[in-house]
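Visitor: I would like to learn how to read a structure like this one. Where should we begin?

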Amino acid sequence: MLPAPAPVINSTTAEFWKATTEGRFILQRCDACDIVLWFPRRNCPKCWTENVSTFDAQQTGTIYSFTVVRKGTGAFKDAGPFVIAYVELADGPRIMTNIVDCDIDALHIGMPVEMVFHDTGEGSALYRFRPASR
Amino acid sequence: MTIRGAAYVAGIYEHPRRDIPDRTLFEIHTEVALGALADAGLAMSDVDAVFCDDTAGFGPMSLVEHFGLRPSYFDSTETGGSSYLAHVGHAAAAIAAGKCSVALITLAGKPRTGRHEVSFASGSDAGFESGWGIAGAPHTYALAAQRHMYEFGTTSAQLAEIKVAASIHAQYNPNAYLPYAVTVEDVLNSPLVADPLHRLDCCVVTDGGGALIVVSPEVARSLNRTSAKILGHGEAIKHTNNGGIDLTYTGAVWSGPRAFAEAGVSVADIKYASIYDSFTITVLQTIEDLGFCEKGQGGKFVMDGGLVAPFGKLPFNTDGGGLCNNHPSNRGGITKVIEAVRQMRGEAHPAVQVPNCQISLAHGTGGSLGSKHGSVTLILGQEDA
């Protein structure tokens, strides 16, 4: 499995990362202007209100762009070739992530993908994607 | 108020070395500062404004202390490799406002022989744009290249043409890190770093530095050395836009029009361009975004020697650029201005000097096309432009 180094967590992102340990991917929506937010924040970046609420997002999307990193460094030094991507979620945001459990040569922009969670062992799980099963 | 004609670049200096294990970061700052001042015919005691990035210590304070100066103006705007082009614009504005008259801009760094770490994600993005195995700029720029290829049919061979053009120029620069010409095949046969970018799509990693002296018109007139007139400046930051990132364009779509409007010129007037070349894709997207060709047509534009000096459609990076010559401190902005000034002075290598080079452009892209970056466009003219 691709290494899953623990992310930096702060008071604003704690709820998000706790949800990942339960297999949930939560997004925020601004109650005032109704846009979906990415990444988690206290204030809406469009109208700056603090009236934002969370919802359980769909765990599907399509590949917006991707690259195959031929040789990693640090925690990824021995990972072999791996994939960094932007996935456009069904709920809208384009998020940076990894594509895993895939045939690297078969990846393409527009490919449907579904979310998997990789436990970091430190109270969080990384949200990654694999080719959709159907 | 505009800065058009309010300030001049009177001195330039590019450190000749690419490996500098025997100097500290601050010693390199001093070396390049004295070099640029000597080029202008000025002394350190003439400096009344200091500009630097945030790798030079605690804001501008460390460097000002190191130089032993007491400037009336300072600025440590940090937008990665484009910082120094922003510094030129900010210095010109400060000079126009009467805050200073001799501004010193320096860059130094030792990514080859010293410690060098820059975090691309240290704000509220921390945890969301790092941790995916991103270990350097190539990984996120590759995302932009892949999407551009998907939307516009751009090919790896077209990207390679950009490296080839830079390498043709680098042959004439004895200080270049890679002072020899390469072919499209050489680029395509070099190892993939992060698909679709090959090793030769990436800039060099070099120790080094550079400096610029920006002065008031009065000071410029008092000097024996030919200056370059600052005609226009535009800057912009493009970011992930709340999950709405579009990887096919850069902040040049905003910084370019601002600079052209201030200068009162159009792309047709530009005889030479220093285009930030951290990667081949950086050049391709920037050329499109500045309006040298239609969006998506950059691949066609760079083919058949389109970027090769002196007679290509848009002669670029005649020093060999970051792709072949120098990318000191992993930041290519200051050398972009330096080579543009050489062209304005008629002091580029004769093989690549653009004849009648009255107006030039220098553009910086600092940060990442794959997430957030600072774009800065400068338009320079000959002294009497």
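Guide: This is a predicted model. Let us begin with an enclosed space: W38(A), F39(A), Y86(A), R94(A), I95(A), M96(A), F128(B), E129(B) and T240(B) line the largest cavity.

Visitor: How is such a space found at all?

Guide: Rolling a probe the size of a water molecule over the atoms shows where empty space is left. Here the count comes to 1 cavity of 30 Å³ or more. The volume of the largest cavity is about 40 Å³.

Visitor: Which strand gives the most to the lining of the largest cavity?

Guide: Strand β6 of chain A, residues 94–99, does so with 3 residues. Sorted by class, the lining of this cavity holds 6 nonpolar, 1 polar and 2 charged residues.

Visitor: What kind of peptide bond joins W38(A) and F39(A)?

Guide: W38(A) and F39(A) are joined by a cis peptide bond, with omega at about 0°. Both residues also belong to the lining of the largest cavity. As for its place in the chain, F39(A) sits in the loop between β2 (36–37) and β3 (52–56) of chain A.

Visitor: Where else should I look for a cis bond?

Guide: Look at chain B, where A309(B) and P310(B) are joined by a cis peptide bond, again with omega at about 0°. P310(B) is part of the loop between α10 (298–301) and α11 (321–325) of chain B.

Visitor: What is there to read in the backbone at N242(B)?

Guide: Read the phi angle: for N242(B) it is positive, about 55°, although this residue is not a glycine. N242(B) is in the loop between β8 (228–238) and α8 (252–263) of chain B.

Visitor: Now the open spaces. How much space lies in the second largest pocket?

Guide: The second largest pocket holds about 330 Å³. It is lined by 20 residues, and the closest to its centre are E14(B), N173(B), N175(B), E339(B) and R342(B).

Visitor: Which elements supply that lining?

Guide: In chain B, β1 (8–14) and α12 (333–345) each supply at least two residues of the lining. The largest share, 4 residues, comes from α12(B). By class, the lining of the second largest pocket has 7 nonpolar, 4 polar and 9 charged residues.

Visitor: How do I read the way two helices pack?

Guide: Take the angle between the axes, the distance, and then the residues in contact. Helix α4 (residues 137–152) and helix α9 (residues 280–289), both of chain B, have axes that come within 10 Å and cross at roughly 55°. The two helices, α4(B) and α9(B), are therefore oblique to each other. The crossing in which α4(B) passes α9(B) is left-handed.

Visitor: Which residues make that contact?

Guide: From α4(B) they are Y141(B), A144(B), A145(B) and H148(B), and from α9(B) they are I281(B), T282(B), L284(B), Q285(B) and E288(B). The contact of α4(B) with α9(B) divides into 5 nonpolar, 3 polar and 1 charged residues.

Visitor: At what angle do helix α5 of chain B and α9(B) pack?

Guide: Helix α5 of chain B, residues 156–170, packs with α9(B) at an angle of about 100°, and their axes are 9 Å apart. That angle makes α5(B) roughly perpendicular to α9(B). L159(B), I162(B) and K163(B) of α5(B) meet T280(B), I281(B), V283(B) and L284(B) of α9(B). By class, the contact of α5(B) with α9(B) has 5 nonpolar, 1 polar and 1 charged residues.

Note on methods. Residues numbered from 1 in each chain as written. Chains lettered and ligands numbered in written order. Predicted model: local features only at pLDDT ≥ 70, side-chain atom pairs only at ≥ 80, totals over all residues. Heavy atoms only, no water. Axes fitted to C-alpha atoms, helices over the stretch in contact; angles between N-to-C directions. Parallel < 35°, antiparallel > 145°, perpendicular 65-115°, else oblique. Left-handed = near helix turned anticlockwise from the far one by under 90°. Contact = heavy atoms within 4.5 Å. Nonpolar A, V, L, I, M, F, W, Y, C, P; charged D, E, K, R; others polar. 1 Å grid on protein atoms, 1.4 Å probe; cavity = no way out; pocket = protein on both sides within 12 Å on 5 of 7 lines; lining within 4 Å. Points joined across faces, edges and corners; volume = space filled by probe spheres on them.
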